[in-house]
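Q: Could you take a close look at a single part of this model with me? I would like to see how a strand pairing is laid out and what the packing is like.

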Amino acid sequence: MSGASYWGRAMRRIAVTERMMRFFGDLLYADELPFDVRVFNMVCLAGFVATLLSMVGHFIEQSIAVIWFIKMVMLVGIVLFIYLTNRKGKYQLCKWVAVIGFCDVIFPLVFVFNGGFEGGTATYFVLSFVVIVLLLTGPARVLMSIITLLVIGVLFWLNLTYPQLIYPLTYLQGFIDTLFTFLISASFIAIVVATQNRMSLLERARTEAAARAKGDFLAQMSHEMRTPMNAIIGMSNIARRAPDEATRLESIVKIENASKHLLGVINDILDMAKIEAGKFELVAEDFDFKAMIDTVVNISSASIANKSQHLECTVDERIPRYLHCDSQRLAQVITNLMSNASKFTAEGGTVGLTVSCDALEGALEDADAKGDGKEHEGGAAGDGQGRGDARGDGHEGGAGRGVTLSVSVTDTGIGISDEALSRLFTPFEQADNSTTRVYGGTGLGLVISQRIIKAMGGLIAVSSTPGEGSCFSFTVTVPQAQAQNAADQHQETGELDGAFRTLDLSGHVILLAEDVEVNQEIALALLEPTGVSIDVASTGREAVEAIEANPTRYSLILMDIQMPEMDGLEATRRIRALEAHRAGGAGGAGGSGESGAGGAGESGAGGSAAGESGASGAGSGAGELRPLPIVAMTANVFKEDVERCRAAGMDDHIGKPIDMTELLTKIEGYLRREA
């Protein structure tokens with residue numbers, strides 16, 4: 001064999017070995033694995049290589065069958081550990097079995113059956129402490145170190161006191177075993193150190209990349225928040241100095257638009273914070289799917305019309321009208337995809353929304369006969385046409401039957417390159433930072449949308465051709481709703497929406513508990529056209545005192561949460577306690593608890609134990625003792641904040657900034673219930 005041929009084969013073997021190591025590296029040290037799991041994989045891989053090398057030494061020295069059996073158990077155990085850890089998520093169990101099994105069982109057995117001091121197996125105890133230091137931390141590391149030291153001490157004492165219990169080795173066997181044991185230990189430590197250094201470098205690079213991405217993100221967020229703030233402040237100055245009413249009104253419109261943009265940025269940041277903290281949850285409810293799509297199309301058509309774009313909207317007529325899921329989040333995803341499509345499409349381009357029904361679980365063949373056959377226009381800009389739901393209100397969707405919705409949003413915009421697609425759904429990264437500077441936006445919308453759809457059991461897919469456009473699509477399966485419940489809710493909301501222009505709340509008095517003066521002014525100004533009277537309490541204590549002084553004066557309480565002296569939660573609890581006390585006294589005087597329950601049950605205390613107690617004890621004709629509706633009006637808008645309000649005895653929740661429609665809807669609903 002020529003020298004060139006020999007070296008050629010050697011280089012090929014090295015290349016194959018490198019590919020195998022790269023394969024195992026990608027499998028066992030993947031970035032998505034927790035760091036502790038990657039360290040455990042590293043130790044297992046080093047142990048597997050060291051055990052194979054050890055078996056070569058035992059073959060040369062012709063070791064006894066027990067040693068071969070122990071080594072085979074080690075090999076099988078290591079493979080099993082790797083499988084259970086990476087495929088079954090049993091890292092904690094495997095870690096402890098490995099530490100105890102190898103350090104305090106396997107290595108002592110090898111010491112006894114392989115010559116003790118005469119061989120080199122005493123060196124394995126060094127590996128015991130390497131494994132303990134790598135895999136354990138804190139008190140567990142100290143405890144296992146002490147136990148292992150005790151085991152080693154017993155073995156050394158046994159070897160010195162009762163040498164006949166240690167399986168003897170010949171001089172040649174002892175020499176070979178010592179040589180291979182040191183080689184094994186060196187290989188084990190070398191593999192561990194080398195892979196740990198590699199992991200450290202990868203971890204450092206990933207940390208630095210994440211820090212750079214977050215730094216870029218914060219810089220972009222600073223720009224996105226300061227830009228509308230600059231418009232708000234600047235337009236406020238212009239409006240204050242405006243020489244005519246037209247200029248002042250134009251400035252106010254621009255202030256409103258900039259404020260809405262700023263609120264969108266804040267909402268994206270808060271949604272992302274909840275996702276990162278693992279606190280993102282969906283709230284399912286019955287809703288009118290047709291009305292939701294109409295709202296989304298109407299919202300999106302405004303920006304599409306401003307750019308003279310063409311909107312094409314198609315909705316499958318087989319989709320049941322009433323569904324059950326988190327309608328707000330579903331609408332958020334569709335609105336975001338349509339907003340992106342419009343944003344990255346030039347004037348005169350096309351944006352398309354298609355909603356189809358891929359599958360219906362349950363017999364719906366006869367449902368078409370129950371519809372009214374009506375179609376609706378989707379409010380598209382330009383000559384875009386929205387095809388609506390052909391089902392009428394009479395369609396009775398059975399609860400529990402699933403509907404598989406397939407939604408796609410297409411555009412004829414700038415498109416996305418293959419390289420940018422790989423980063424499209426990565427938090428704190430942009431597909432291309434330059435597009436953000438040109439088109440604006442937080443860059444979080446797609447990440448948030450993906451998490452929402454994933455929580456619903458679906459996945460967002462994207463296909464794009466640079467310069468020709470993109471298509472974002474997702475499929476989710478949602479249950480149908482009880483049609484009558486959703487229809488009643490939609491009808492009540494629709495009536496209220498139409499009544500806002502003529503809403504008359506004269507004769508009612510609302511207690512506003514709010515400590516910030518500007519927030520007081522906003523609430524007073526928003527409610528002034530309704531004719532309602534408003535008393536203001538600047539602290540929770542003042543609100544409680546007002547109820548104590550005149551419990552029958554108020555029809556409703558708007559309660560802030562964070563106030564001095566006493567917060568809104570504690571104030572609510574005390575008000576409910578007062579109601580319970582008064583209702584209990586009235587019930588005793590009236591002597592007719594059953595009649596009292598009938599008189600008070602209509603008010604709906606919203607889950608307050610105190611309110612329900614008061615309602616059940618009220619005497620006949622004690623209508624004035626009904627628990628007051630208390631609505632939280634606060635900037636604390638997370639789900640846990642709403643739950644705390646409910647637990648304190650509040651009936652409802654309105655988030656700040658205040659939405660006029662939501663505020664009037666809820667006030668009208670509670671006051672109409674009280675009438």
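**A strand pair and a nonpolar core**

A: Happily! Strand S6 and strand S8 (residues 469–479) run antiparallel and are joined by 9 bridges; strands pair if DSSP finds at least two bridges between them. Strands here are DSSP runs of E with at least two residues, and helices are runs of H or I with at least four, numbered from the N terminus. The model is predicted, so local features need pLDDT of at least 70 and side-chain atom pairs pLDDT 80 or more, while totals for chains, interfaces and linings use all residues. Residues are numbered from 1 along each chain as its sequence is written, and side-chain values use heavy atoms, with hydrogens and water left out.

Within the pair, Leu405 stands opposite Val476 of S8. S6 spans residues 402–411, and 9 of its 10 residues are buried (under 20% relative accessible area; exposed is over 50%, partly exposed in between; 1.4 Å probe, protein chains only).

Now for the packing. The largest nonpolar core (buried Ala, Val, Leu, Ile, Met, Phe, Trp, Tyr and Cys joined through side-chain atoms within 4.5 Å) has 50 residues, and Phe289, Ile334, Leu353 and Phe474 touch the most other members. Helix H10, residues 327–343, gives the most to this core, with 7 residues. Leaving aside residues up to four places away in sequence, Ile334 touches Ile293, Val296, Leu353, Val407 and Phe474 (contact means heavy atoms within 4.5 Å). A second core of 40 residues is separate, and Val37, Phe40, Val99 and Phe102 are among its members.
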